[in-house]
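Good morning, everyone, and thank you for making the time. I would like to walk you slowly through one protein chain, so please have a look at the sequence and the model before I begin.

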Amino acid sequence: MAEGVKFNEEFFQQLSRSPAVTALVVGVAQQIAADARSTAPVDTGAYRDGIEVHVKQQKRSVALVVGTDKKTMLVESKTGNLARALQRAKKRGRG
C-alpha cells in the first residue's frame, strides 16, 4: 500500500454488500449454475435439479453454487461438473 494512503474499510464493506454488487455476484453464480445444469449427467435428474445458488452476507456478498442432492458429492467426485462450470466461467472472464 502506498505511504500515507488510508482506505475507508467501512465504505468498501458497505459497497461490497450493496444491492448492485450483490446482484452482480448472484448473476454470475446463476450463469455458472445454469451451465452446470446444462452439462450435468442425468439419471433421475435429482443432481441436475439440485444445483442452486445460495447467497451469504459476510464482510461482502457471497454467492455459492451448491448441489443439494444427496448424491452430489458422488457425482462431483466422478465428473467434476461444478468445477468445470466454474473453469468455463473463468475463461469467459465471469468467475
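**A walk along the chain**

Let me begin with S16, which sits in helix α1. Please keep in mind throughout that what we have on the screen is a predicted model. Is S16 buried or exposed? With a relative accessibility of 18%, S16 counts as buried, because the cut-off for that word is a relative accessible area under 20%. If we set aside the neighbours within four places in sequence, S16 is in contact with V21, K59, R60 and S61.

The same helix, α1, which covers residues 9-16, also holds F12. Here the picture is another one, since F12 is partly exposed, at a relative accessible area of 38%. F12 belongs to a nonpolar patch on the surface, together with V5, F7, F11 and L15, and these residues have about 470 Å² of accessible area together.

Now let us move along to Y47, which lies in helix α3, made up of residues 46-49. Y47 has a relative accessibility of 5% and therefore counts as buried. Which residues is Y47 in contact with, once we leave aside the neighbours within four places in sequence? They are A40, P41, D69, T72, V75, E76, N81 and L82. With N81, moreover, there is a polar contact between the two side chains, at 3.3 Å. To give you a sense of distance, the C-alpha atoms of Y47 and G4 are separated by 52 Å, and these two residues are 43 apart along the chain.

One of those contacts, T72, deserves a brief stop of its own. T72 is found in helix α4 and is buried as well, at 7% relative accessibility. Beyond its neighbours within four places in sequence, T72 is in contact with Y47 and G67.

Following N81 takes us into helix α5, residues 81-91, in which the buried residues are N81, L82, A85 and A89. Seen down the axis of α5, these buried residues fall within an arc of 100°, so they line one face of the helix. For those of you who are new to this, an α-helix has 3.6 residues a turn, so residues three or four places apart point the same way. And what do the buried residues of α5 pack against? They pack against the helices α2 (19-39), α3 and α4 (72-79), and also against the strands β1 (51-57) and β2 (61-67). After α5 comes G93, with a positive phi near 80°.

I will finish with the charged pairs. Side chains of opposite charge can pair when their charged atoms come close, and in this model the count comes to 2 salt bridges. In one of them, D35 pairs with R88, and their closest N and O atoms are 2.8 Å apart. D35 lies in helix α2 and R88 in helix α5, so this pair ties together parts that are 53 residues apart in sequence. D35 is buried, with a relative accessible area of 13%, whereas R88 is partly exposed, at 27%.

There is also a salt bridge between the side chains of R48 and D49, with 3.0 Å from N to O. In that pair, D49 is exposed, with a relative accessible area of 52%, while R48 is partly exposed, at 27%.

How values were computed. Residues numbered from 1 in each chain as written. Predicted model: local features only at pLDDT ≥ 70, side-chain atom pairs only at ≥ 80, totals over all residues. Heavy atoms only, no water. Patch = residues over 30% accessible without salt bridge, like charges linked within 9 Å, V, L, I, M, F, W, Y side chains within 5 Å. Areas by Shrake-Rupley, 256 points an atom, 1.4 Å probe, with all protein chains shown as cover. Salt bridge = Lys/Arg side-chain N within 4 Å of Asp/Glu carboxyl O. Helix = DSSP H or I, 4+ residues; strand = E, 2+ residues; numbered from the N terminus. Buried < 20%, exposed > 50% of the residue type's maximum accessible area, 1.4 Å probe, protein only. Contact = heavy atoms within 4.5 Å. Polar contact = N/O pair within 3.5 Å; in protein donor to acceptor, adjacent residues only side chain to side chain. Arc of directions from axis to C-beta.
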